[in-house]
Protein chains: 2
Amino acid sequence: MMTGLPERIDEAANRIYSITRRTPLDFSPYFSKETGAKVHFKLESLQYTGSFKLRGVTNKLLAMSEVERAKGCVTASTGNHGAATAFAMKRLGVRGEILVPQGASQTKLESIRLQGCEPRVLGPEQGETERVARRYAAEKGMVYISPYNDVDVVAGQGTAGHEILEDLPEAHAVFVCVGGGGLIGGIGAWIKSQAPETKIIGCLPENSPVMKASIEAGRVVDLDCKPTLSDGSAGNMDHDTITFDLCRKVVDDWLLVSEAEIANAMRLYIQKEHMLLEGSAAVALAGFLKNAARWKNQDVVIVICGRNVDAATLKNIL
Amino acid sequence: MMTGLPERIDEAANRIYSITRRTPLDFSPYFSKETGAKVHFKLESLQYTGSFKLRGVTNKLLAMSEVERAKGCVTASTGNHGAATAFAMKRLGVRGEILVPQGASQTKLESIRLQGCEPRVLGPEQGETERVARRYAAEKGMVYISPYNDVDVVAGQGTAGHEILEDLPEAHAVFVCVGGGGLIGGIGAWIKSQAPETKIIGCLPENSPVMKASIEAGRVVDLDCKPTLSDGSAGNMDHDTITFDLCRKVVDDWLLVSEAEIANAMRLYIQKEHMLLEGSAAVALAGFLKNAARWKNQDVVIVICGRNVDAATLKNIL
């Protein structure tokens, strides 16, 4: 594990709550009855801006030196990371730029604008925009904020694991959707440092299983990914991402789920819990549901990592 | 106002949090930008069991004497009040019965069963079941818990107002859906006692405007109500309800909304906030939206009183 990561997570847990929310861990009578496990949902969906991403970016901004903060930060994202960065910059008074690809949907840009930040259009597509953003930051002496390939960001996401163990020290397993690996890496690093017997289960869509394929290959690989309901976790990773070694060490098991299983998990959660969740969150629930027999009478935590599903997708899966 | 109601609300706020949640008051960038007001949502939808009802019933159970608690309680409800009562009884170790009408839908009964309580079928329809439940309680020496016509229940609901003023002492107006009047009565009683200049706005569906019609008539009237998306607030009231005089005193304005306005408010909230709400909650938002011009640059609170919308209704309004 990265040296000092648990200490960094503890430090993050001592500072991010100035602008982030401690989220609830709610017992689910329905999913517990149906599966025989004791099912708890970690509601990252109730974080400000609707996903766990605010934890990492808040910690990153607070870890920057005064000199760095004066120069500002740069990121590239039209999704949850972009909205979270806009929110955190405004609350913490850090200036910066959010770069987005040409042709990004107005709906996605709106969630950044509503947080008081006007995105700047640069780069023909998301991957390219990230490279442009890194160059742009380097040229201007600004700090580039990766959504996952950054130790302060990962430490920030790890505060979700900190809260899980505070609320349920006896958790037997934690199910997390894996994209770039920042969330599961942070949660796993904390939990393995405090309760090493707790299993950390990584769940991915069959249509975009980049981290799992990379772990199997022993190096970060690029995949030709198919579209998935889990758009928040989809896509390839930096070849040098720090989350690769971290996931190798802290993730006990990997589960793949189909698009039908994701859609079913979304529908069931909405019908029974009466809350929204996005596709990536449903990946973790779907992973648990196909593996539930293993966890009878045990306490399992399913991380509902975000709620930002668009109305058309929602109508489709209901 | 009922003598001592603010004191009872303060007392409730000192005891209900053993089993109820303090709910967030979240600023809405979208609705603020669209209307020019500073819009805050009081998320009673995030209360355990998905509605504000748990506040009132928790306070009622905790206000009962040891002798009363030993004899147990009785209520009649297939809806949010029933699920909240089941939850509170189990957590507080109070035994009791939840009576439901014949033919109540299995979906509604499931939410009571999931809280660990088997409902007892009595009475041909909801109004009749309430009368049967009162008689049943009287015969057995048990305590009948009305969803709104009870000073301890109203005091419990008032804790939502207590939290609103703690979080936003400068609130200019609070919009609340009105059914039996327990929620707006409690919120209004607290707020008028602490910040009398804050306006309390009651919102009702055109299809079931019982309290507004009663206030206009100067007495509780029965109406032939039409079906409404706001099923949680629909129906006639006890003729002796304590909430009638209370609403006369604490409610500044009354707004009616159509079914189309309720559906539009639901759709817009789900699209923009990515959270669920039930029809009654949308009544308060719809009331604000048709009245928004009056509140430019002012802080308004809209109470999202519950989230328990069924999937078919949800699919329909999207």
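In what sense, parallel or antiparallel, do strand β7 (residues 173-177) of chain A and β10(A) pair, and over how many bridges? The sense is parallel, and the bridges number three. The model behind this answer is predicted.

**Around β10 of chain A**

Strand β10 of chain A covers residues 299-304. Five of its six residues are buried, so β10(A) is largely enclosed by the rest of the structure. Buried here means that 20 or more other C-beta atoms lie within 10 Å of a residue's own. Besides β7(A), β10(A) also pairs with strand β2 (residues 38-43) of chain A. That pairing is parallel too, over six bridges. Individual residues mark the register. F41(A) faces I302(A) of β10(A). On the β7 pairing, A173(A) stands opposite V300(A) in β10(A). In general, strands of a sheet pair through backbone hydrogen bonds, either parallel or antiparallel.

**The sheet in chain B**

In chain B, six strands form an open sheet. Their order is β1-β2-β10-β7-β8-β9, and the pairing is mixed. Two strands form the edges: β1 (25-27) and β9 (253-257) of chain B. Each of these pairs on one side only. From one strand to the next, the twist averages 25 degrees. At the β1 edge the sense is antiparallel: β1(B) pairs with strand β2 (residues 38-43) of chain B over three bridges. There, L25(B) lies opposite K42(B) of β2(B).

The strand pairings described above are listed here.

| Strand pair | Sense | Bridges |
|---|---|---|
| β2(A) and β10(A) | parallel | six bridges |
| β7(A) and β10(A) | parallel | three bridges |
| β1(B) and β2(B) | antiparallel | three bridges |

**Helix α1 of chain A**

Helix α1 of chain A spans residues 5-13. Its buried residues are L5(A), P6(A), R8(A), I9(A), A12(A) and A13(A). They cover an arc of only 160 degrees around the axis, which puts them on the same side of α1(A). What lies over them? The cover of the buried residues includes three helices of chain A: α3 (53-63), α8 (151-167) and α9 (182-194).

**How the two chains relate**

What rotation superposes chain B on chain A? The rotation is 180 degrees, with 0.0 Å of shift along its axis. The RMSD of the superposition is 0.0 Å. That is the relation of a two-fold axis. Both copies use the same surface: 100% of the contact residues of chain B recur in chain A.

How values were computed: Residues numbered from 1 in each chain as written. Chains lettered and ligands numbered in written order. Predicted model: local features only at pLDDT ≥ 70, side-chain atom pairs only at ≥ 80, totals over all residues. Buried ≥ 20, exposed ≤ 12 C-beta atoms within 10 Å, placed from the backbone. Helix = DSSP H or I, 4+ residues; strand = E, 2+ residues; numbered from the N terminus. Arc of directions from axis to C-beta. Contact = placed C-beta atoms within 7 Å. Least-squares fit on C-alpha atoms with pLDDT ≥ 70 in both. Pairing = 2+ DSSP bridges. Axes fitted to C-alpha atoms, helices over the stretch in contact; angles between N-to-C directions.
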